[in-house]
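Student: I want to learn how to read an interface between two chains. Can you take me through one?

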Number of protein chains: 2
Amino acid sequence: MTTDNWRTYLQARQDADLEDLLDFIRIPSVSARPDHMPEVRRAADWVVHRMRSAGINNAEILETDAHPVAFGSWMGAGPGNPTVMIYGHFDVQPAEPLDLWTTPPFEPEVRDGRVYGRGATDDKGNMLAPILAVDAMLKTTGSLPVNVKFLFEGQEEIGSPDMPEFVERYADRLACDMIFSADGLQWAPDQPQLVEALKGIIAFEIILRGPRSDQHSGLHGGGIANPAMGLAQLLASMKSLDGVVTIDGFYNDVIALTGNDRSEIARVPYDDESYLAETGATETFGEPNYSTRERLWARPTLDVNGLTSGWQGDGGKTVLPAEARAKLTCRLVAAQQPGKILDAIRAHVEKNCPAGLSAEVRRNSSWGDPFSVPRGHVSTEIAAEVLEEIYGKKPYRTRLGGSISVMTTLQKATGVHATMFGFAHADENLHAPDEFYRVEAFERAKLAYGLLLERVSKA
Amino acid sequence: MTTDNWRTYLQARQDADLEDLLDFIRIPSVSARPDHMPEVRRAADWVVHRMRSAGINNAEILETDAHPVAFGSWMGAGPGNPTVMIYGHFDVQPAEPLDLWTTPPFEPEVRDGRVYGRGATDDKGNMLAPILAVDAMLKTTGSLPVNVKFLFEGQEEIGSPDMPEFVERYADRLACDMIFSADGLQWAPDQPQLVEALKGIIAFEIILRGPRSDQHSGLHGGGIANPAMGLAQLLASMKSLDGVVTIDGFYNDVIALTGNDRSEIARVPYDDESYLAETGATETFGEPNYSTRERLWARPTLDVNGLTSGWQGDGGKTVLPAEARAKLTCRLVAAQQPGKILDAIRAHVEKNCPAGLSAEVRRNSSWGDPFSVPRGHVSTEIAAEVLEEIYGKKPYRTRLGGSISVMTTLQKATGVHATMFGFAHADENLHAPDEFYRVEAFERAKLAYGLLLERVSKA
């Protein structure tokens, strides 16, 4: 039986696969640092080489305006069989602050069953696993149960700025029937999950301007408007004291949670105490009539990310500031549209700009539609079956308050809803010092991708 | 006639007096810089020496916990005659940014009838003038028309932190009948003024705290309260959109402006256009039912001086900040009390602290009672007569939105209301590069102090 063959092969290759992962992590492919561009490209080359040695002979670099894509496909199952696209990314977050790492971020080390190093879990370990599963299958059987395309990008950690243009340009080559993202998390080492929705995002800055330059607050206080106070008043006009966004039209396109949605959400264990311990907040807070988890997973938000105005040093300084700035993000849920929400915000700011000040709303780069997988979607259900087989438990059906713009980018280009199928865990210091990946998760990920391809072929 | 004698003497000494001023400016007595402490002391020594050579034989250094005081008295007019105290300061603001000076700040130069150098107008030129007037009188007549005490401090530019304790300790030696402050401004080179009121001040910081550290705004937005939004809401609760402070009790002790007060204020020329051109604001703004000048001069204020929270760099960052801070000052008018107002603010913050956050109110160093000279106060009326004699015009009766805490410090210690009697002008780059003092103002100041002492003796 073929399954036994490739599984046995994976067993035998455990040490070699781990060596491959350590090799991969050694490349400091930090996409946010312009001086590391050659390293990101080196990682792309490494991925192409690894795909080729797995038997994906056409693996190649595809260029964007910046960091390249590593692409490869195996279409040997023929047009009568489904095509599965597997997504991941080989760029990593900056490793700073370096002094908080136990061992250097790009000199990976295995300790207590964990691989420590920048990118170990986000996303090098996760994205390498499906390549190794395919390697095992091709080496043992000479073929795969379905057609497979690999799409690995090098700019996920900087918001994938070139990917919308890229997927549009290569839409033909990206055509597929299902997409699985190897960039994703499981609930816990002993509990799988399926993420069924992600929030969309808009990011913007509000700038209020008053006098030409900072003025003496004694000589001019009471004479002219204060932009810092004006900003406070303007922001306060956007949200009620009990946490409801008060911008006209903000909730218009929010699809109300059904009773079924609410019970699905309530089914996933949650308790205030652990949540508060995790964040250090003293109490939960937000829109009335929703549970904390409903707000986190399924309600839109408006958050101030930063405030800047006037004197920020120690002690006091008697200035009436020339300007005040607030950076904000909104997280959106289906069917809210980023453009429409930003328009509503612009209209609100124009209408509520305090007297004596002028206001500007400036868009920042984060931008993405909400994403949700239709209930019962085939790739999600196949993933659910594989997860249940591996963990011996049904996956939780969860949502994420965060935003992964490539999910909607791929959906727009291919018409296919991606299913998150990654094996990281939230405690693995993603984006932080001492990032690690569990070796057992690595083994499980390889096995999961093998089983997934088999199950797709039988669907 | 004695007047002619000392005036002739001053005429003859013009060049020598100017050389003295240049010499004085050459000492970089920057009180804000700990490494300049010896220079501040050198300036104190210089002042003591100059008083002695003027005939104030008992002139001496009096210590505080930091920068010293230069004190001297001439009591030769006897106990039957009034004692006049003259105040000034020999410390200066830091000179930075140095590259914006046309000539080095501590290498003074006379150009076009102006003395350029740090401290030229604030306050070395102004405080030297009464010493030189006394010098001229003592040199020509051997006596003064009244008893005189000189109190020159070396820490005005850092808020006179040791002076309250100092004036309390030396209350006996500071006893006097009138106080004139040689630290002050005239309206214009051809228009005198008498400043009849200064605002008091309190400075404080409001800190709102939420989660332990900055959180991901996607993963936690909607789950817990956002300190930056909470701060906006709290600040907005402190002031109405039309500029009225909404803190309970804030206006309780404000003495309403009388019809007479309002017409005095209206008598001083003012136009919106020049005021807006000066500040660069597009319109004036503040409490309804008061003119702009009434608000600037005679109404209390609450101004945000600075805002700090979360991400302040370029672009966006999706954080839900751990804390948000606002620095504020209130300017107070008679009979508001700093302690009572701060208590009202603490009570307001406690009552209005947004849900899910904790608030702290922290006092900053600026602190002072409002100061106003009773209408018809004898030293102010004498000053008015001297100014009218010199300028050929009645002085404007003005107020200042700023705060000079030493005025109330001296009042508390001696029971005497000080009258501002200085000859700087607002355009002379006080606290800025290319600070200068008009040579004609220097001459006028010496003359004015001579006439003032004569007139006090006849009052």
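Tutor: We go from area to contacts to strands. This is a predicted model: local features need pLDDT of at least 70, side-chain atom pairs count only at pLDDT 80 or more, and totals for chains, interfaces and linings use all residues. Residues are numbered from 1 along each chain as its sequence is written, chains are lettered from A in the order in which they are written, and side-chain values use heavy atoms, without hydrogens and water.

Student: How much area do chain B and chain A bury between them?

Tutor: Interface size is often given as the accessible area lost when the parts come together. Here chain B and chain A bury about 5,500 Å² (1.4 Å probe, summed over both). Carbon and sulfur atoms hold 55% of it. In chain B, B:Met229, B:Phe285 and B:Leu307 lose the most area to chain A, together 11% of what that side buries.

Student: How many residues does each chain bring to the contact?

Tutor: Chain A brings 72 residues and chain B 72 residues (heavy atoms within 4.5 Å).

Student: Which class of polar pairing should I look for, and how many salt bridges are there between chain B and chain A?

Tutor: A salt bridge puts a side-chain nitrogen of Lys or Arg within 4 Å of a carboxyl oxygen of Asp or Glu. The count between chain B and chain A is zero. Polar contacts are N or O atom pairs within 3.5 Å; within protein, one must be able to donate a hydrogen and the other to accept it, and residues adjacent in sequence count only if both atoms are side-chain atoms. Across this interface, 40 residue pairs are in polar contact, both residues at pLDDT 80 or more.

Student: Which strand of chain B gives the most to the side that touches chain A?

Tutor: Strands are DSSP E runs of at least two residues, numbered from the N terminus. Strand 11 of chain B gives the most, with ten residues.

Methods. Buried area is the accessible area (1.4 Å probe) that two parts lose on being put together, summed over both. Helices (H or I, at least four residues) and strands (E, at least two) are DSSP runs, numbered from the N terminus.
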